[in-house]
Amino acid sequence: MRTRLLLTHNAFYSLPATQIVFLRTWQPQWHSVNLILDSYKIGHTPRQSASELRLDSQDFHHCCSVVLSAFLEWMHHPPDICKTRRADRGVSRSREERESWPTDDSNQPPGRGVLSMHGLTYGVIRVDSEEKLSVLTVQDVGLVMPGAIMCSVKPDGVPQLCRTDEIGELCVCAVATGTSYYGLSGMTKNTFEVFPMTSSGAPISEYPFIRTGLLGFVGPGGLVFVVGKMDGLMVVSGRRHNADDIVATALAVEPMKFVYRGRIAVFSVTVLHDERIVIVAEQRPDSTEEDSFQWMSRVLQAIDSIHQVGVYCLALVPANTLPKTPLGGIHLSETKQLFLEGSLHPCNVLMCPHTCVTNLPKPRQKQPEIGPASVMVGNLVSGKRIAQASGRDLGQIEDNDQARKFLFLSEVLQWRAQTTPDHILYTLLNCRGAIANSLTCVQLHKRAEKIAVMLMERGHLQDGDHVALVYPPGIDLIAAFYGCLYAGCVPITVRPPHPQNIATTLPTVKMIVEVSRSACLMTTQLICKLLRSREAAAAVDVRTWPLILDTDDLPKKRPAQICKPCNPDTLAYLDFSVSTTGMLAGVKMSHAATSAFCRSIKLQCELYPSREVAICLDPYCGLGFVLWCLCSVYSGHQSILIPPSELETNPALWLLAVSQYKVRDTFCSYSVMELCTKGLGSQTESLKARGLDLSRVRTCVVVAEERPRIALTQSFSKLFKDLGLHPRAVSTSFGCRVNLAICLQGTSGPDPTTVYVDMRALRHDRVRLVERGSPHSLPLMESGKILPGVRIIIANPETKGPLGDSHLGEIWVHSAHNASGYFTIYGDESLQSDHFNSRLSFGDTQTIWARTGYLGFLRRTELTDANGERHDALYVVGALDEAMELRGMRYHPIDIETSVIRAHKSVTECAVFTWTNLLVVVVELDGSEQEALDLVPLVTNVVLEEHYLIVGVVVVVDIGVIPINSRGEKQRMHLRDGFLADQLDPIYVAYNM
């Protein structure tokens, strides 16, 4: 780019009447005003006109040549003209050659100095010995021209004069200079109109100075020394480093073998409130990855020892891939932009955040524990209430619930088969939306009787024996469950093995069957053949299975009598599932808890025989199993069953069924909601043309055991708003192992609320509300309304004392439908006692609570419940077992994962965990493998900026590697085990130094 300068006639004809100024450009860049001037007397009269000549750099040099030719002809002999050269500095020394000035002291030797590079980083001049490596040898570039003033000002802030031992930006005041940049008034004022000031604030001259863009100082005898450029200045931790010096150091480490000598870019990026040095070099094609990493390591050591500064990132890119300037050099600004955007595509990356990031906040120091009683007194004195809440009292609710008179679900089914035999309880849809099967009350009753006969006659089972139910989602699973209740057996629902993934899924089935002590396994004929197949035998020995019964071949007769449990507290069924931490746990549900559970859901959702509910959930554990198999029998409503696996072939199946059957209440999982959001995002218009109408939906509840995913629920609501879905209809539920459903939005009561909390306060187990959009704000959505008959209190997980509503603590629950305890093969009663029979250390010490293992807080809102009282909202933050203790603070994986997913468009999923006190980030890449290394610096940057944590390992993997369970929850501990066993088959693994 050719820079245009504005020059007046007086710039050529100097202040003294017989001078013309010869100008030589210092560097052919934007700062074409960086000039070294000398003058020679000629007999010429200056012009008095103040009109301007507009000359670009080429025209200006031509003009100078003409003037010089005339001058030589007039003088009859060539003059001695000052020649200046830009510094060509190595690691520790530079050479500046100067020919003699045409003055009286032309034989004066050049000025030379050996300066400490460490002192230069602080902007001061310190003489050092030449034998050291960390020195810079400089030589003067000439004298200040006569009639001009040159000074050194501080590079930052107000242009204040530097002291004699300080380095600053050189400024010159002379008539024979340019006056402005053509058409760039802002840059003109900053460059051409500088008024240096003394320490008292007074300007040293009434005439403006011009910035040269050079760093240096004026030495003894008026000699000018240059040590660097402003363009390459990087301020790291208060110290100034020059990019040319860093490049020289890198080139001194055997550069010709690994990188191209002139293809190195050094710049700085701002990360965590400080500048970080980034080096990018083009790698030679014949260099191996191992050799390149060795060279990179030596470069880091050299820069650290010579410059006493750490390099944040050192990246090698393929040859001829860095952007170039018109003159063939590296375009620094474009290279920096590509690095920040993640579009640099390096072939080798070495990140060093542990060594160069030194401004992290101090780790939190654990203070001596304050007694729980003191905490309670402090809350009372400060006016904070104890964080506790409860749902409606079941004893005060009057309804016409005929099922209440029965203690067991088996009795409720028999009663419905007698009173409403033809009432349809279940309707199963196939992938086309057609009815695949249905069950009335009497059909379910008769089928359950036949299964009970088979268990007693073919299985020879006795009262209390455990039976594993291995069925696909459907009607057969429901009938088998009630057949077990009729026979007095304890059912355990188990997900069947996947036919295309027998080797991985079948061992899980075998593990549940063994741990649950199942005496019999019931399934369909198709799965029976699968369990006995050659592929299954390679994974699990066929002879190790218990008795397998095929329910496709049922006996014709009825049982002599239906078993009736002698006590409501006896075991009804076992609920087995794999937690997000990777623990396989089975909880015991009694008959009393099961009936109380169904009644609580019926009251919360207002379920009656005339209602229809659409369910798109996996029916194997938790609330999904209760809604699929139990609630319809207790409440009498019709359940429209949609297997989630069918949505893989028809993503619109669930929503079409909701519209077709005019459903008011529907339940789904996050995985179903995400599948609809991604699969139907571009089909809303066609669905609307097909008559899809969601305006009748009153509640769309997401069943989960985690913090509500606000971004997903809002995207879903916004996407299907045009199809009639009301945003207030979408809500979430919350349950866990000890209580399968604590919160559920239901039909009555206020809409779900959202609050914004300070993420930094949460790391200290504090809850501080902030405004939306505030820095470090985290949106949290209410996890639904507390179910009737449920009491909640927030307790300290260590001291077991109640907390105030401004504290983050563990959610404890007291309810009639709490699980009885864990079922384990070893009978570990200590674990059961701790989780299911806990008492507060003070306060209400009589109530028995169950510990959910989840952290959350309660907040009293301004809204009112159906009974007219102020509404208490429960906000779930995360699982206690998954929370990571780093730097003395508590971090939740979902917060870090959300930040990482936003870092780059190619990151589709992310999971984090800790390994030997290192934070490991696993990202799934949706793109080409050459983009994998772009993610390493971006992931490191965003975690540093938003969470003040240094990432230890970044693992880039293919899509689908991060394990996710049927509820859409990440299995982080399974992922961690795969990482430690080297089973992830990653695209790239970066170990940050």
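A disulfide is a pair of cysteine sulfur atoms within 2.5 Å. I started with that rule, and by it I count 0 disulfides here.

**Ground rules.** I'm working on a predicted model, where local features need pLDDT of at least 70, side-chain atom pairs count only at pLDDT 80 or more, and totals for chains, interfaces and linings use all residues. Residues are numbered from 1 along each chain as its sequence is written, and side-chain values use heavy atoms, with hydrogens and water left out.

**Cysteines.** Why does Cys-162 have no bond to Cys-151? I looked up the sulfur distance: Cys-151 holds the closest cysteine sulfur to that of Cys-162, but at 8.5 Å this is too far for a bond. Next I checked burial, where buried means under 20% relative accessible area, exposed means over 50%, and partly exposed is in between (1.4 Å probe, protein chains only). Cys-162 counts as buried because its relative accessibility is 17%. Cys-621 is buried too, at 13%.

**Confidence.** I then turned to pLDDT, the predictor's confidence in each residue, from 0 to 100. The chain's mean is 83, and 85% of its residues reach 70 or more. Residues 1-60 have pLDDT below 50, yet beyond near neighbours in sequence this stretch has 159 contacts in the model; a contact means heavy atoms within 4.5 Å. Residues 825-829 also have pLDDT below 50, with 3 contacts in the model beyond near neighbours in sequence.

**The whole chain.** The chain has 993 residues, and 55% of them are buried. I find 26 helices and 43 strands. Helices (H or I, at least four residues) and strands (E, at least two) are DSSP runs, numbered from the N terminus. Of the contacts between residues at least 6 apart in sequence, 72% join residues at least 24 apart.

**Cores.** A nonpolar core is a set of buried Ala, Val, Leu, Ile, Met, Phe, Trp, Tyr and Cys residues joined through side-chain atoms within 4.5 Å. The largest one here has 93 residues, and Leu-455, Tyr-482 and Met-522 have the most contacts inside it. Which helix gives the most to this core? Helix 12 (residues 475-487) does, with 11 residues. I followed up Tyr-482 and left aside its neighbours within four places in sequence: its contacts include Leu-409, Leu-413, Tyr-426, Leu-444 and Cys-629. There is also a second, separate core of 49 residues, which includes Ile-330, Tyr-891, Leu-944 and Ala-990.

**Strand 6.** Strand 6 covers residues 135-139, and 5 of its 5 residues are buried. I wanted to see which way they point. Val-135, Thr-137 and Gln-139 point one way, Leu-136 and Val-138 point the other way, and all are buried. In a regular strand the side chains alternate between the two faces of the sheet. As for pairing, two strands pair if DSSP finds at least two bridges between them. Strand 5 (residues 112-116) runs antiparallel to strand 6, and 5 bridges join them. One bridge I looked up is between Arg-112 and Gln-139 in strand 6.

**Strand 33.** Is strand 33 largely enclosed or open? 5 of its 6 residues are buried, so strand 33 is largely enclosed by the rest of the structure. Strand 17 (residues 388-390) pairs with strand 33 in the antiparallel sense over 3 bridges, and there Ser-390 stands opposite Arg-791. Strand 34 is joined to strand 33 by 6 bridges, again antiparallel. Ile-794 has Ile-811, in strand 34, as its bridge partner.

**The loop after strand 33.** I found Ser-806 in the loop between strand 33 (790-795) and strand 34 (809-815). Ser-806 is buried, at 12% relative accessible area. Its side chain makes a polar contact of 3.4 Å with that of His-807. Such a contact is a pair of N or O atoms within 3.5 Å; within protein, one must be able to donate a hydrogen and the other to accept it, and residues adjacent in sequence count only if both atoms are side-chain atoms.

**Odd phi angles.** Gln-308 is not a glycine, yet its phi is positive, near 55°. Gln-308 is in the loop between helix 6 (289-307) and strand 15 (311-317), and is partly exposed at 32%. Arg-517 has a positive phi as well, about 60°, and is not a glycine. Where is Arg-517 found? Arg-517 is in the loop between helix 13 (502-515) and strand 22 (518-523), and is partly exposed, with a relative accessible area of 45%.
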